[in-house]
Structures are given as structure tokens and as C-alpha cells.
Amino acid sequence: MDAEHAPTLESLLLYADADPDERAIAPPLYQTVPFAAASADEFAAMNDRPLPERAYRRNGNPTQRRLEKVVARLEGAEAAVATASGMGAMTTAILALLESGDHVVAQRSGYGGTLTLLQKLAPRFGVTTTFVDQTDVAAFEGALTPRTRLIVLETPSNPLLQLTDLAAVAAVARARGILTLVDNTIATPVDQRPLALGVDLVMHSVTKALSGHSDVLAGIVAGRREIVERIWDTHVVVGAVISPFDAWLALRGIRTLAMRVEWQDRLALSVARFLEGHAAITRVNYPGLESHPQHDLARRQMRGHGSVVSFELDGGFAAADAFVGSLRLAQRSSSLGGTRSLVVQPAAMWAHYMDDEHLDDAGVPPGLVRLSVGLDNETDLISDLDRALGAADAGRRAAARVGQALRGSRGA
């Protein structure tokens with residue numbers, strides 16, 4: 001690569017994991033747990049920071065390190081730590097950066113696992129959280145206390161697709177010496193780079209779009225080296241270790257990320273526009289729609305708008321369940337960012353995380369459906385959605401007629 005020409009994101013995705021000394025087109029997989037040393041001095045050096053990779057697999061692994069270096073480059077970070085899942089990355093970061101008595105500010109709309117971590121687990125360790133409306137920068141500032149150490153963000157949020165003004169919130173935090181951590185899973189580094197907007201740390205559920213094939217369980221957190229090393233110290237103790245094979249598969253998936261995201265962004269926008277015009281839909285959430293209340297912010301801080309669309313059906317939970325059950329292409333599943341379209345009702349998916357009160361606090365209505373578009377043909381997917389919406393609406397109308405007849409017979 002010409003030293004005067006900075007590689008594009010697309011080229012980084014293809015070549016960032018290449019090692020000219022190996023001459024291997026596909027990188028090797030290091031499956032070993034322990035590594036051998038020739039002397040006591042070498043053994044000590046193997047365990048030295050920063051981020052050793054050839055001592056013991058809980059400390060790191062060459063395949064894992066390759067994944068970390070690639071994601072760090074994609075996000076413009078100095079270093080990264082890969083973990084066994086997205087929640088492994090989030091939980092390890094929280095444990096590493098906070099102590100008893102500390103305070104967190106987090107947005108009210110977000111992934112159920114993160115909300116549960118802050119609502120139920122963190123208080124057991126003396127960490128409190130104030131939840132705010134992510135669309136209101138002043139709400140973040142107003143929630144800060146002298147003990148606030150971290151602001152936790154997710155944009156677009158899962159599943160409501162609300163946005164956080166990353167540059168504005170990061171500026172508020174930086175002025176007070178408070179760290180910011182952003183879940184960038186839905187956007188991916190292709191559509192959004194939070195560190196370039198002033199954020200300190202960015203995390204991903206690598207399980208989703210980064211790996212992209214629904215066959216990897218992994219997470220990662222990236223940022224300044226000094227902060228990442230603090231997280232690594234905790235990671236070694238917590239032990240949420242990524243498997244080398246998952247790291248190797250994630251590297252394979254990342255090479256096609258740009259092409260997949262471009263296709264899925266375009267497909268998601270077409271689907272969102274179709275749903276917005278359908279009589280059975282009461283609301284569509286997608287930042288790429290001109291009707292989205294934060295569309296201007298999306299245009300400022302995002303390159304594209306992601307593969308996830310959420311929407312509410314007229315008829316509530318029963319109508320949403322009937323719709324999902326009538327689909328032939330999109331499958332009922334809790335993940336996103338893969339090659340196949342996946343659909344789920346968040347109220348059902350997060351029932352084991354959150355009770356009705358917490359779901360209501362998070363703004364998750366019972367009739368909400370989250371659709372993650374895959375690499376489907378646009379005409380095929382929209383036709384399937386249209387047919388399933390028609391079937392669900394027909395079922396709702398039939399049930400209403402039965403209910404009306406029963407009420408009439410009782411009155412007679």
C-alpha cells in the first residue's frame with residue numbers, strides 16, 4: 001500500500017489481518033491453551049504487558065490478538081480486548097472501570113442485557129445508575145453527580161432505534177473527566193465511528209454484524225490503550241475468554257462486512273418505507289426514514305443507518321405474534337446482523353431479563369417487532385412481509401368479530 005495513500009475502510013476490512021511474514025492468505029488458527037518457554041526470563045516476558053498473547057489462553061492468543069488489532073484499526077482505537085460474548089465485553093468493562101460508590105448515567109432505551117446489568121447486578125456491588133432519555137443531551141448533563149464515573153450509550157438503540165448525539169454527550173463527559181462507553185453493535189464501524197466523535201470506548205457484540213454469519217459468540221471493547229489495559233486486567237480474572245475458533249470465524253466475517261452492510265442498509269431502508277405505508281402498522285422506527293425524529297442527527301453522525309428496523313402492529317402482542325408466525329423467509333430468532341433475515345418480539349425475547357415494569361420503562365410496547373434484514377432479495381422479502389401482515393390483520397379482524405358476537409349473545 002502506498003505510504004501516501006491511506007487505505008479505505010473496504011481495504012482495511014480485507015487486508016487488516018494479513019501478516020506478510022506468514023504468507024498465508026487465510027490466517028492460521030492457534031487452538032492451543034498453554035505456550036512453552038525456553039527459559040525463566042522468556043516465561044516472565046511472555047506474561048508482560050501490554051496484552052500478552054503467548055503465555056496462557058486466558059491471557060490472550062495469537063488468533064484473538066489478530067481480531068483485536070483488526071477491530072481496533074476499524075474503530076480508530078489504540079487497542080482492544082475480545083471476550084466470549086457481547087455481554088462479556090460490557091460486564092468486564094463495567095467491573096474494570098467502576099467501584100463501590102460510583103455512579104453511572106445510562107440511556108433508558110437499550111439492549112435488555114445491558115439494562116439488566118445496570119439495574120440488577122451493578123447495585124449488588126455498590127454501583128448506582130440513573131437512566132435518561134438518550135435523545136436529550138441536557139438530560140445526561142442533569143443526571144451527573146460528583147460520583148459519576150461512566151456514561152453508557154447505545155446508538156442506534158436496540159430495539160427502538162433511537163439515537164444519541166455522541167459528539168455532544170462526549171463533550172459533556174470529557175469536560176468533567178467522565179468516561180464514555182458506546183455499544184456500536186447495530187451501526188458497525190462501517191456506518192459509525194464513535195471514537196472519532198470523542199467517545200472513549202466502543203464495544204460490539206461480535207456475534208452480530210461483525211462476524212455476520214450467525215455462527216460466532218464473541219464480544220470486543222476498544223479504545224485508548226491505558227483504558228483497555230485496565231479492562232484486560234479484569235478480563236484475565238473474570239475469564240470471559242473468546243475461543244480461538246470464534247476469533248478466527250469473526251476475522252473471516254469481517255472481510256465481507258462492508259459489502260454486507262451496504263446491501264443491508266439499502267434493504268432495510270426499502271423495508272422501512274414499505275412498512276411506513278402499510279395500514280396494519282402504527283409506527284416504524286428507522287433512522288434512515290425522513291420521518292424519524294432524529295433523521296438529521298443520523299445524517300450527521302452515521303454513514304448508513306443499519307440493518308435493523310422495528311415497528312408496531314395494530315393489535316398489540318397477539319397481532320405481532322401472528323405476523324411473526326406467518327412469515328416464510330424471516331425466522332423468529334433473537335440475533336441480528338446475519339445473512340438471513342431474523343425477526344423477534346422484544347417483549348417476548350426479553351421476558352427473562354425484564355418484567356413488565358422494566359419493559360415499560362425501556363419503552364418496549366407489547367406489539368413491537370424487531371426485524372434484522374439479511375442478504376435477501378428485496379422483492380422476495382417485502383412480498384413475504386406483506387403477505388404475513390395481511391394474514392395477521394385478517395386474524396385480528398376475525399377475532400374481533402368473534403368477540404363482538406360473543407358480547408352480543410351475552411347481551412341478548
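Contact means that heavy atoms lie within 4.5 Å. This is a predicted model, in which local features need pLDDT of at least 70 and side-chain atom pairs count only at pLDDT 80 or more, while totals for chains, interfaces and linings use all residues. Residues are numbered from 1 along each chain as its sequence is written, and side-chain values use heavy atoms, with hydrogens and water left out.

Q: At about what angle does helix 5 run to strand 3?
A: Helices (H or I, at least four residues) and strands (E, at least two) are DSSP runs numbered from the N terminus. Axes are lines fitted to C-alpha atoms, for helices over the stretch in contact, and angles run from 0 to 180 degrees between N-to-C directions. Helix 5 (residues 112-121) lies across strand 2 (103-107), strand 3 and strand 4, and its angle to strand 3 is about 135°.

Q: Which are the edge strands of the sheet with the order 1-7-6-5-4-2-3?
A: Seven strands form this open sheet, with mixed pairing; two strands pair if DSSP finds at least two bridges between them. Pairing on one side only marks the edge strands, namely strand 1 (79-83) and strand 3 (128-132).

Q: Which residue of strand 7 stands opposite Val 81?
A: Strand 1 and strand 7 (residues 219-223) run antiparallel and are joined by five bridges. Opposite Val 81 in strand 7 stands Val 221.

Q: Is Thr 92 buried or exposed?
A: Thr 92 belongs to helix 4 (residues 86-97), and its contacts beyond four places in sequence are Ile 231, Thr 234, His 235, Val 238 and Ala 240. Buried means under 20% relative accessible area, exposed over 50% and partly exposed in between (1.4 Å probe, protein chains only). With a relative accessible area of 1%, Thr 92 is buried.

Q: How many Å apart are Thr 92 and Asp 233 in space, C-alpha to C-alpha?
A: In sequence, Thr 92 and Asp 233 are 141 residues apart. In space, their C-alpha to C-alpha distance is 9.6 Å.

Q: Which strands stand at the edges of the sheet with the order 8-9-12-11-10?
A: Five strands form this open sheet, and the pairing is mixed. Each edge strand has a single partner strand, so one side of each is left without a neighbour in the sheet; these are strand 8 (281-285) and strand 10 (331-332).

Q: How is the aromatic pair of Phe 245 and Trp 248 classed?
A: Rings of Phe, Tyr and Trp (its six-membered ring) pair if their centres lie within 6.5 Å; planes under 30 degrees apart count as stacked, over 60 as edge-to-face and the rest as tilted. The structure holds two aromatic pairs. The ring centres of Phe 245 and Trp 248 are 6.1 Å apart and their planes stand at 15°, so the pair is stacked.

Q: In which helix do both Phe 245 and Trp 248 lie?
A: Phe 245 is partly exposed at 41% relative accessible area, and Trp 248 is partly exposed at 25%. The two residues are three residues apart, about one turn of the helix, and both lie in helix 10 (residues 244-254).

Q: Around what arc do the buried residues Ala 319, Ala 320, Phe 323 and Val 324 lie in helix 13?
A: Ala 319, Ala 320, Phe 323 and Val 324 are buried in helix 13. They are on the same side of helix 13 because the arc they cover around the axis, taken from the directions to the C-beta atoms, is only 130°.
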